[in-house]
Amino acid sequence: MLDPDSGLSLTIARIVQRLKGSSLHSQLERQARVSLHKPEIKLESLKEDIKDFLKTSGWEKKLQNAVYSELNVFPSPCHPAAPPEHMKEPLAYMRKAQGSWEKRILKSLNSMCTELSIPLAQKRPVNEQKELLNKWNEMGTDEPDLSLFRPVYAPKDFLEVLMNLRNPNYENGEQPSFRSHLGLIQVPLKVKDIPELKEDFSELGLNIGQLGIDDSAQVPPEFFENEHVRVGQKVLAEQDSAAAQQYVRQGCPTALRADLWALILNISNQPEDILYYEQLKSNVIQHDLLVDSLIYKDVKLTASNDDYYFVFEDYLYQVLLCFSRDTSVLEHFTYSSATPPKSYIRGKLGMEEYAVFYPPNGVIPFHGFSMYVAPLCFLYHEPSKLYQIFREMYVRFFFRLHSISSHPSGIVSLCLLFETLLQTHLPQLFYHLREIGAQPLRISFKWMVRAFSGYLATDQLLLLWDRILGYNSLEILAVLAAAVFAFRAVNLMEVTSLAAAEAVLADLSTLKVMPLLQIFLFATVT
Amino acid sequence: MGAAGGDGWAIMAGKVKWVTDIEKSVLINNFEKRGWIQVAENEDWNFYWMSVQTIRNVFSVETGYRLSDDQIVNHFPNHYELTRKDLMVKNIKRYRKELEKEGSPLAEKDENGKYIYLDFVPVTFMLPADYNLFVEEFRKNPSSTWIMKPCGKAQGKGIFLINKLSQIKKWSRDSKTSSFVSQSSKEAYVISLYINNPLLIGGKKFDLRLYVLVSTYRPLRCYMYKLGFCRFCTVKYTPSTSELDNMFVHLTNVAIQKHGDDYNHIHGGKWTVSNLRLYLESTRGKEVTNKLFDEIHWIIVQSLKAVAPVMNNDKHCFECYGYDIIIDDKLKPWLIEVNASPSLTSSTANDRILKYNLINDTLNIAVPNGEIPDCKWNKSPPKEVLGNYEVLYDEEMAQSDGPDRDLRSRSGQSTGVKGNRARDSGKPVLTTWK
């Protein structure tokens, strides 16, 4: 066990190292230097005076937000002797499974490449570059022939892999009984039960005001909404990330949401950020990647057909094409169980000097990937800000939904949490569905992998994502999935096939997520 | 068969007999679900869903048709005062001048001579009658674009854009002052200043289609359907002059968009008004969004008030209008036109459901309890039957209620994303909206 003091100093050391050399660091230095001209800064008490100045001018708050951001994103260090893989994934069998999964994906990508004789990447001829630049804002009107491309994988392929995960150190010798886990996931990870969830999600309790419940037309706004909006405005005025994160647990007022999320994610859209985005854009213009076609195909198959998101088709290309070229995303692989695929310059297979990550950001999109971006288009209409928000959401949350790990917010744990909640609290339903060949996870898996994007109405989805940000965890997705089954339990008990069960759960667009979550967590007899 | 037949006949006599010229399933299904009975036009009928041609015949001086107390039709005899583009503009202009003459604060103008509260129709002229006036206006702004629309056509037919006087030379030849209901009304056009700075979402241009039900003009009682929608252009909007001929870019009318290459049959290029509200609140803020929707309600009511004095307020009539509104990038709404016969064709499954519910709620208000109508009723349906309609303006209530109205509690269900909470039941107008 790591003794708390050395744990703390390790953390501090890591954060200092990460912030050193960041633009915030240079801005702070510049501010400190500028402050020397101010009359209140005296030589005798230089250090204290500068610290006071930074506090009153709001720079200390910015530093606090940056530190808070680091704490949220990076896991606490484990034992100093632990190898770096442990920060990615402590369990060996999970690492192995993720590795084989990655090999399969890469094989699929390479074979598509060979079949279609398209290189993974190539430089665009100059006239094509010009054309793309002109069309940058309306790539949706392009109709390239995508019939030969197919998504590298779909969520159900991934589910098959997860179903076959086994811990080789775990011997479950006993005969299956009513006490054993009846679901598809058969690995022994610790997941929370309802009493623990109630504690963790205490702000969702019945006696606490919520947006999504207490702002409906029948409730006078004086009861909760007006005050909540006022507090939200105050949080924004203070520019405090930690306060914002606490605040959004009760939901964001629509007019404040964009700013609150940006504050929590510590996105400020500085000139250098805009410049960085423009640079990514020029990378897109100059080089054509095979994954670009995968992205086009995905958008055309999913978002373009969605009632809410079709309007933003062009923005999705602008974000996702740049995202594939963004090497800063590679940083997240230090704490993700995944490893970016490597590719070799033609003819130099196996020679490390000629290895590059492919795609440059190491993330191969799958069917439905663009739906992670789509809801954000309702909040941010400025491409570079939209881009940064998405990137941060990805490296904090979404990457966990398509990689194999033991993390409590990883998809494996979410699946297990879902199945356990259902089996524990709706055993009759669970058993019935299993008997008719409709394992519940087969239906709910796609909801969770997409964080419910494209399944819920947008305003409800945003209320859900408020809580993901507020609690810095994806567990709420599993809880919601179970709550949906609980809500439709009566109808589900009457179905006799998987197809019929799918039909009962096909349309979630009328659901109100907050009442469902509240009832499931706080108003169900356990 | 005696007694049974007698009873059978008595039961039938209590059922509404309907006729329609418009063979659309969303209508017919609604009639049938009420157990109404279809009859022919020359038989005794209670409810006739007419096309605009039929209403012209029914109420024309020659036929001398007299409707009885138990007969209801879905158009006002001279609806064209509102629904013909040239007459709508004429009536609004007249209304504004009248308010100005009586010194009403509504007719206040700003320092440039533009009406502050009543400038909601783009500058419009009739051709050929106002050709010279138009030329004068055009020369003030020679780089402007104008849209030519034939007065009598719908669905975007015959519309084209111009940005040079030479393009409409042929309307300059006749300079006779024509009356507005001229025999050559087929050739009469209106020319309006084209809104070349529309609000774009996702880079795309759109317009709003809102449904408004009027049950009586004097006193004015009108309802707005909460589930209006935005129609997006399938092709990217660009104000560049080379694209003037590409109607897919400029016209949002679904009848035209349907033939573009990118038309999608799942969502039909349509968004609900609640999506629009969510987007605007999230990206622009709540106050400006509420202000926009308030203004939209305002301009609809003003347009109805403008035609109310000249409308034949026949008690056998009600009408469901399709309002087309464009929002510019300063979040100002503009009234483009009003349709007497909004399309009942469905382009997607969602569309079919929406139109079915629209007719259902309309019938619930116009034909109370689904029973044989008595056109002498007070046309004040109880709140419960409104369905997805909410009271937009009720002149009677506005005049009686005075100071109490602000204390009235909020009504109406929330619609998906919060509906129009701040502005709902019959909140009359003038002082609150100023």
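What covers the buried residues of H14(A)? In this predicted model, the cover includes helix H6 (92–116), strand E2 (287–289) and H15 of chain A, and the tour begins at the helix that they cover.

**First stop: helix H14 of chain A**

Select residues 290–301 of chain A, which make up helix H14, a run of 12 residues that reaches 17 Å from its first C-alpha to its last, close to the 16 Å expected at 1.5 Å a residue. Because 10 of those 12 residues are buried, H14(A) is largely enclosed by the rest of the structure. If you show side chains here, the buried residues include Leu290(A), Val291(A), Leu294(A), Ile295(A) and Val299(A), but Asp292(A), Lys297(A) and Asp298(A) are also among them, as are Ser293(A) and Tyr296(A).

**Second stop: where chain A meets chain B**

Now colour the two chains separately and select the residues in contact, which number 34 in chain A and 29 in chain B. Between them the chains bury about 2,600 Å², with 53% of that area on carbon and sulfur atoms. In chain A, the residues that lose the most area to chain B are Phe310(A), Val311(A) and Phe378(A), which together account for 22% of what that side buries.

For the polar side of this interface, select Asp314(A) and Lys204(B), whose side chains meet in a salt bridge at 3.7 Å, N to O; the count of salt bridges between chain A and chain B is 1. The count of residue pairs in polar contact between these chains, with both residues at pLDDT 80 or more, is 5. On the side of chain A that touches chain B, the elements giving two or more residues are helix H12 (254–264), helix H15 (313–324) and helix H20 (458–471), and the residues of that side divide into 16 nonpolar, 8 polar and 10 charged. H15 of chain A has thus appeared twice on the tour, since it is also part of what covers the buried residues of H14(A).

**Last stop: Thr283 of chain B**

Finally, select Thr283(B), which lies in helix H9 (residues 273–284) of chain B. Is this residue buried or exposed? Thr283(B) has 18% relative accessibility and therefore counts as buried, the cut-off for that being under 20%. Its side chain reaches the backbone oxygen of Tyr279(B) at 2.7 Å. Leaving aside residues up to four places away in sequence, Thr283(B) touches Phe378(A), Leu379(A), Tyr380(A) and His381(A), and Phe378(A) is one of the residues named earlier for losing the most area to chain B.

Key
Residues are numbered from 1 along each chain as its sequence is written. Chains are lettered from A and ligands numbered from 1 in the order in which they are written. This is a predicted model: local features need pLDDT of at least 70, side-chain atom pairs count only at pLDDT 80 or more; totals for chains, interfaces and linings use all residues. Side-chain values use heavy atoms; hydrogens and water are left out. Contact means heavy atoms within 4.5 Å. Buried area is the accessible area (1.4 Å probe) that two parts lose on being put together, summed over both. A salt bridge is a side-chain nitrogen of Lys or Arg within 4 Å of a carboxyl oxygen of Asp or Glu. A polar contact is a pair of N or O atoms within 3.5 Å; within protein, one must be able to donate a hydrogen and the other to accept it, and residues adjacent in sequence count only if both atoms are side-chain atoms. Helices (H or I, at least four residues) and strands (E, at least two) are DSSP runs, numbered from the N terminus. Ala, Val, Leu, Ile, Met, Phe, Trp, Tyr, Cys and Pro count as nonpolar, Asp, Glu, Lys and Arg as charged, and the others, Gly among them, as polar. The expected span of a helix is 1.5 Å times one less than its number of residues. Buried means under 20% relative accessible area, exposed over 50%, partly exposed in between (1.4 Å probe, protein chains only).
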